[in-house]
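Biologist: Could you walk me through reading strand pairing in a new model? I would like the general idea, then the case at hand.

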Amino acid sequence: SVDTVTIIAKDLAVDELYSPESSCDVAGLQTIKFLLRNAGKDVIPFGEQLKFKYQVNEDDLVVLNYTVPYDMDPGQTKIVTFNETFGFIPDSTYSFKLFVDWDADHFSDNDTVSGLIKQYEHPDIDFGPDMITTQADTVVLRAPLSMTNYSWSDGSRKDSLKITYPGTATYWGRTGNAYGCFKSDTINIYTYDVQMALAGGNVN
């Protein structure tokens, strides 16, 4: 006779990394979000303690503790999230790697996801300090060239705003680049009764 032995091996897989992803605001508090799958033939029970580890570039590994919230049947998936803070620098690219570290896991070739994360730079728009002039209608506010989006306080969409109102007023401009990063600035232009304007009595 021939005896058959079935070995049920436990296996956890990290299938897909959803975030962090390249964007204008990767720095600061962000969500690490990925898809966890029971790739084995056995149930992973409620309350099982797991460790996930991630690494940015060649920095030290960061350990994230996780408790399985319910029985995970074979083939079942779960989106896992953690909130972490990143100190990414604008206009820089980082490598990001995450993997599950579980003593009962028999297969390691599906434990890891990785990717490149770009911290895009916001446009540089700066009108400088508030302005005092007797000829407000000669002022032109300019935004950086080669942007993909412009909007101004008068509703126009060009890369500059020609002031036509001769009195004291507040103006703002907003510009965006190809990555969807936006930045805005505001300026007060004071004219005519300068003393009243500076006192806050005639600022629109």
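Modeller: Gladly, and let's start with a turn. This is a predicted model. In the hairpin of β12 and β13, 5 residues lie between the strands, and G180 there has a positive phi near 85°.

Biologist: How many bridges join β12 to β13, and in which sense do the strands run?

Modeller: They run antiparallel: β12 (residues 169–176) is joined to β13 by 8 bridges. To find the register, look for a pair of opposite residues; here T175 faces K183 in β13.

Biologist: And how do I think about the side chains along a strand?

Modeller: As a general idea, side chains in a regular strand alternate between the two faces of the sheet.

Biologist: Which sense does the pairing of β8 and β13 take, parallel or antiparallel?

Modeller: Parallel, over 2 bridges, with β8 spanning residues 131–132 and β13 residues 182–190. In that pairing, I189 of β13 is the bridge partner of M131. Thus β13 pairs with β12 in the antiparallel sense and with β8 in the parallel sense.

Biologist: Now let me zoom out. What is the order of elements along the chain?

Modeller: From the N terminus, the strands come one after another and the helix ends the series. The count is 13 strands and 1 helix.

Biologist: What share of the contacts links residues 24 or more positions apart?

Modeller: Counting contacts with a separation of 6 or more, 62% are of that kind.

Biologist: And what about burial and surface?

Modeller: Of the 204 residues in the protein chain, 36% are buried. The accessible surface is about 11900 Å², and carbon and sulfur atoms contribute 48% of that area.

Terms used
Residues are numbered from 1 along each chain as its sequence is written. This is a predicted model: local features need pLDDT of at least 70, side-chain atom pairs count only at pLDDT 80 or more; totals for chains, interfaces and linings use all residues. Side-chain values use heavy atoms; hydrogens and water are left out. Two strands pair if DSSP finds at least two bridges between them. Helices (H or I, at least four residues) and strands (E, at least two) are DSSP runs, numbered from the N terminus. Buried means under 20% relative accessible area, exposed over 50%, partly exposed in between (1.4 Å probe, protein chains only). Contact means heavy atoms within 4.5 Å. Accessible areas come from the Shrake-Rupley method with a 1.4 Å probe; for residues, only the protein chains shown count as cover.
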